[in-house]
Amino acid sequence: DGSLLIGTDDGLDRVDASGHRTTVLSGTAVNRIRAAPDGSIWLGTATGVRVSTAHGFVAVGLQRLRVNDLIVAGDGVVIATAEGAYSVPLDNSSAQWRPVIAGDTLTATALARDRAGNLWIGTTGHGLLRYNSSGLARYTAVAHLAGNDVEQVLLDAVDNVWVGTRRGSARCCGSTGELPDVMRPSSLLRRRSDHTRPERDA
């Protein structure tokens with residue numbers, strides 16, 4: 001309908017085409033907003049996941065978990081939380097949350113899914129994980145990243161994986177995970193990288 005949704009530290013605001021702003025959800029920080037193919041809106045918040053319905057945004061799933069990121073992947077949604085990453089079906093049967101990686105010491109911070117079906121998971125302290133049908137592969141600051149605290153994972157037009165960490169940004173690898181593509185961050189990138197955003201269609 002031409003409205004803009006804005007996540008804030010205290011909820012969700014909607015700005016309509018005339019510029020009028022209203023609050024549609026309050027009481028929890030909204031960290032991520034995603035639209036699903038069925039038209040529903042999924043929110044990652046400080047107190048779990050909210051999904052749009054005809055009656056507003058409804059909490060689903062594990063409400064005790066802070067959600068740092070979420071992406072729509074196929075017929076489901078992958079959710080990055082303070083206790084790992086989970087997948088949940090789009091039909092909102094959220095009692096069926098399935099852990100992709102889980103553990104109370106593993107914080108998943110960022111997500112991306114490439115055209116080959118690889119799921120890339122940024123973490124705090126554990127670097128970057130690649131998950132596919134063959135299992136998990138890990139990329140760390142020892143050889144591949146600027147740092148192990150990952151804040152952004154983004155894909156460019158040819159599915160190169162770009163990783164923003166607290167120590168800088170760099171291209172980690174191609175979608176197949178090959179390592180010759182590693183680029184050490186330049187001095188211009190040795191800083192917090194909250195705004196790293198290569199364009200997919202560049």
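This report looks at strands, hairpins and salt bridges in a predicted model.

## A four-stranded sheet

Start with the open sheet. Four strands build it, in the order β4-β5-β6-β7. Their pairing is antiparallel. Strands β4 (30–35) and β7 (56–60) sit at the edges. Each of these two pairs on one side only. Neighbouring strands in this sheet are turned against each other by 25 degrees on average, direction ignored.

Now look at one pair within the sheet. Strand β6 covers residues 48–53. Five bridges join β6 to β7, in the antiparallel sense. Find S52, then look across to β7: the bridge partner of S52 is F57.

## Strands β16, β17 and β18

Further along the chain, β16 and β17 pair in the antiparallel sense. Five bridges hold this pairing. V150 stands opposite T165, which belongs to β17. The two strands form a hairpin, with five residues between them. In the turn lies D159, with a positive phi of about 65 degrees.

Strand β17 also pairs with β18. These two run antiparallel and are joined by five bridges. Here G164 stands opposite S169 in β18. Two residues connect β17 to β18 in a hairpin. How much of β17 is buried? Four of its five residues are, and the strand is mostly covered.

## Salt bridges: R32 and D69

Side chains of opposite charge can pair when their charged atoms come close. The whole structure holds six salt bridges.

One of them joins the side chains of R32 and D69, at 2.7 Å from N to O. The pair links distant parts of the chain. R32 is in strand β4, while D69 is in strand β8 (residues 67–73). They are 37 residues apart. Are the two residues buried or exposed? R32 is partly exposed, because its relative accessible area is 25%. D69 is buried, because its relative accessible area is 2%. There is a third member here: R32, R34 and D69 are linked in a network of salt bridges.

## Salt bridges between loops

Two further pairs sit in loops. R115 forms a salt bridge with D159, and their closest N and O atoms are 3.7 Å apart. R115 is in the loop between β12 (108–113) and β13 (119–123). D159 is in the loop between β16 (150–155) and β17 (161–165). That puts distant parts of the chain in contact, with the two positions 44 residues apart in numbering. R115 counts as exposed, because its relative accessibility is 58%. D159 counts as buried, because its relative accessibility is 5%. Recall that D159 also lies in the turn of the β16 and β17 hairpin.

The other pair is R166 and D149. Their closest N and O atoms are 3.9 Å apart. Which loops hold them? R166 is in the loop between β17 and β18 (168–173). D149 is in the loop between β15 (135–139) and β16. The two are 17 residues apart, and the pair links distant parts of the chain. R166 is partly exposed, because its relative accessible area is 43%. D149 also counts as partly exposed, because its relative accessibility is 27%.

Technical notes:
Residues numbered from 1 in each chain as written. Predicted model: local features only at pLDDT ≥ 70, side-chain atom pairs only at ≥ 80, totals over all residues. Heavy atoms only, no water. Pairing = 2+ DSSP bridges. Axes fitted to C-alpha atoms, helices over the stretch in contact; angles between N-to-C directions. Salt bridge = Lys/Arg side-chain N within 4 Å of Asp/Glu carboxyl O. Buried < 20%, exposed > 50% of the residue type's maximum accessible area, 1.4 Å probe, protein only.
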